[in-house]
Amino acid sequence: TKYLINSNTRMLHDFTNLFEDLARSFTPASLICLLSIILLVAPTKCQLANQEPQQQQQQQMATVSDLPIYRLHQFDMFGSRYGSRSAQLNFEARTVASGQLNRKCVVARVQELSGAVIKRLVQDNVGAILVLVPPALLQDPTGIPAETRAALHSLEQDLWGDSIPVPVYFLAETPDFSRVFEDMRRIDQSNDFNSPLRLIANSVLGNTYHVAARSAQSKPIDSLEFVAMHGFLYPQASSAAAAAAGVAHQGGSEGTIVISAYMDWFGSVPTLGRGFDSNGSGMLLLLRLARLLSYYYGMPGVRPKYSVLFLLTSGGKLSYFGTKRWIEDNLESPDSTVLARVVMALCLDSVGLEPAVNLHVSKLSKEGTLMHAFYDRMRKHSEKPDLVQLRQKKINLANEWLPWEHERFSIKRLPGLTLSQCPSHSDCSHRLSVLDRRIDWQQLDSNYRTVAKSLLDLLLNPSTNVTDEQMMKHVYNDVDDSGDPQSAWTSYAQLLKHDHRSYHNLRRSDPYVQTLQSMLSPLVKDYRLVAFKPDRKEPEVVVYDASDSVLSVYIVKPALFDLFLAGLITAYLAIVFGFVVHFHRIAGLCLAPLLALLSSGARQSNGGKSTH
């Protein structure tokens, strides 16, 4: 028996030493890491294998990518900063209802936001703001509910004059992203901030969403240009005499009338809007007037009293910066006589939605002046003369932001007025809205006929051999005698759908500018296209790039989960390492009861034999 006990003890010690040697010889770092990976990955795969098909589909839809997003404007004007001052977006996503917004991207529908809410979020140190807008905004905003339209319009007005230090993007809410957004809400609602333990558990083990955009930090556009194109219509007799005298730019016998409009669009989200009414309608009206008047100025025997200068500029919503530079360039140049004999500047702005026609002036004109005569003819030829109103607003020289284009002419002592459906600039807030995507073509055509008849009545001499019937025929049928006044707008309407009508995209080589040039230049004389760049040392206008990007959304574990996982792996490795190093002690403690049991059994066996 003693021999048996000693034999078993030696066998156990030999087994212990053998296992300890094996353990020590097979414990490289790679083996420990491999065991860790197996232990951590295996349960996840088992869990995925046991998922229901519906759950797997839900997890696949939790990740969406390649969603176009549009950034809030960013520019500097007259030393002040406006818009979103950052463009980089790479944050964990939260809804407005979440209590943890520090360095998070807040995702919210437009109805949930306002200027006050945006300021509160900035004070809460959010990382970014993603505004969800209805997808109909990209096509036909008339299908958007009135409540949503009002909320979006109000938000745009609140954001217009603010400087926001975080990225602010707009996203058209697709069905896939709607499901992601509802899941975000569910996750935020599951966080019970009154229960610290549950909050900590969700912060470590719960799922969350991460949003990232492929955009670099915004920087000023070095190649920024403000484009202006102009051309003349001269009375035939005057142009021949002037040409013979070498002064072809002096115009008609009684001076020059400028017809002006800005051709670009600008608003809270430059690349999301189109500016159909403001100022697409004014631009289209100018092109049709140029087509009509060029026909009459080319008719034999027709001797208009004035020359006409057609002007299209960019930078309209930036306090008419293109018009400002064009006027200064022509007034300060000793060789330019473009503005030498200007008797009236007629600026066209937002004339495609309402029947009201307002003539905005800086100073009321007296009877007998050209502007008063034009006002009288507008009331004479309008179908609703009571809707033709003359409105005065004095120029505030202390304010660099001018609400109407004619004020740029008036500041330089050139008489001017703006023709618009808006009774005042404060009542025409849609001029800066992404919702400006509609024109009432019938109303625009009606306003065109009123302006066209008034100008012809003002320009043509009473002795001109043109009957009223001929004039009305050409006005209504747009010279081509097609009989369908609406068809005349078809070719012009395509201009409004151009993707690059935003102020910061226009260049002399831009296809949109080239298209306008091809439409205006054949109708006028002495056509010229110029571009102005802001001063490099002290620019009045600085515009930044990174106006849009592409968004990707991923479902991830919280950042604390990585720390928690690292702690588990560290603890696991420490346990394995301690087990290997102290294996002989652990084995001794575990085998001691077994050895004691064997010894006790042997003694009992020996005691029984001695009794016998």
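How many cavities of 30 Å³ or more does the count come to? The count comes to three, and these belong to a predicted model, so that what follows describes computed features of that model.

## The largest cavity

The largest of the cavities holds about 60 Å³ of space. Its lining is made up of Arg71, Leu72, His73, Gln74, Pro270, Tyr503, His504, Tyr544, Asp545, Ala546 and Ser547. Sorted by class, this lining comprises five nonpolar, four polar and two charged residues.

Two domains contribute to the lining of the largest cavity, since at least three residues come from domain 1 (63-219 + 548-561) and at least three from domain 2 (226-536).

## A four-stranded open sheet

One sheet in the model is open and has four strands, arranged in the order 7-3-2-18 with mixed pairing. Its edges are formed by strand 7 (163-164) and strand 18 (541-543), each of which pairs on one side only. Strand 3 (residues 80-84) runs parallel to strand 7, and the two are joined by two bridges. Within this pairing, glycine 83 is placed opposite serine 163 of strand 7.

The loop between strand 2 (74-77) and strand 3 contains phenylalanine 78, a residue with a positive phi of about 55 degrees although it is not a glycine. Phenylalanine 78 is partly exposed, because its relative accessible area is 24%, a value that falls between the 20% limit for buried and the 50% limit for exposed.

## Strand 9 and its two partners

Strand 9 (residues 208-213) is largely enclosed by the rest of the structure, because five of its six residues are buried. Strand 4 (residues 90-95) runs antiparallel to strand 9 and is joined to it by four bridges, with asparagine 90 having alanine 212 of strand 9 as its bridge partner. Strand 19 (residues 548-556) is also antiparallel to strand 9, in this case through six bridges, and here alanine 213 stands opposite leucine 551 of strand 19.

## Strand 16 and its surroundings

What is the burial state of the five residues of strand 16 (residues 416-420)? Five of the five are buried, and therefore the strand is largely enclosed by the rest of the structure. Gly416, Thr418 and Ser420 point one way from strand 16, while Leu417 and Leu419 point the other way, and all of these residues are buried.

The pairing of strand 16 involves both senses, as strand 13 (residues 342-348) is parallel to it over four bridges, whereas strand 14 (residues 357-361) is antiparallel to it, also over four bridges. On the strand 13 side, leucine 346 has leucine 417 of strand 16 as its bridge partner; on the strand 14 side, the partner of histidine 360 in strand 16 is threonine 418.

Leucine 370, which lies in helix 11 (residues 370-381), has its C-alpha atom 7.4 Å from that of valine 343, although the two residues are 27 residues apart along the chain. Leucine 370 counts as buried because its relative accessibility is 14%, and the cut-off for this class is under 20%.

## A buried glutamate in a loop

Is glutamate 173, which sits in the loop between strand 8 (168-172) and helix 6 (175-190), buried or exposed? With a relative accessible area of 12%, glutamate 173 is buried. The side chain of glutamate 173 also makes a polar contact, at 2.9 Å, with the side chain of serine 178.

## Backbone features to inspect

The peptide bond that joins serine 278 and asparagine 279 is cis, with omega of about 5 degrees. Asparagine 279 is part of helix 9 (residues 276-297).

Serine 319 has a phi near 55 degrees, which is a positive value in a residue other than glycine. Serine 319 is located in the loop between strand 12 (307-313) and helix 10 (321-332). Which side of the burial cut-off does serine 319 fall on, buried or exposed? Its relative accessibility is 1%, and serine 319 therefore counts as buried, whereas phenylalanine 78, the other residue described here with a positive phi, is partly exposed at 24%.

Notes
Residues are numbered from 1 along each chain as its sequence is written. This is a predicted model: local features need pLDDT of at least 70, side-chain atom pairs count only at pLDDT 80 or more; totals for chains, interfaces and linings use all residues. Side-chain values use heavy atoms; hydrogens and water are left out. On a 1 Å grid over the protein atoms alone, a cavity is a set of points where a 1.4 Å probe fits but cannot get out, and a pocket is an open set with protein on both sides within 12 Å along at least five of seven lines; lining residues have an atom within 4 Å of a point. Grid points are joined across faces, edges and corners, and a volume is the space filled by probe spheres set on the points. Ala, Val, Leu, Ile, Met, Phe, Trp, Tyr, Cys and Pro count as nonpolar, Asp, Glu, Lys and Arg as charged, and the others, Gly among them, as polar. Domain bounds come from an automatic or database domain assignment. Two strands pair if DSSP finds at least two bridges between them. Buried means under 20% relative accessible area, exposed over 50%, partly exposed in between (1.4 Å probe, protein chains only). A polar contact is a pair of N or O atoms within 3.5 Å; within protein, one must be able to donate a hydrogen and the other to accept it, and residues adjacent in sequence count only if both atoms are side-chain atoms.
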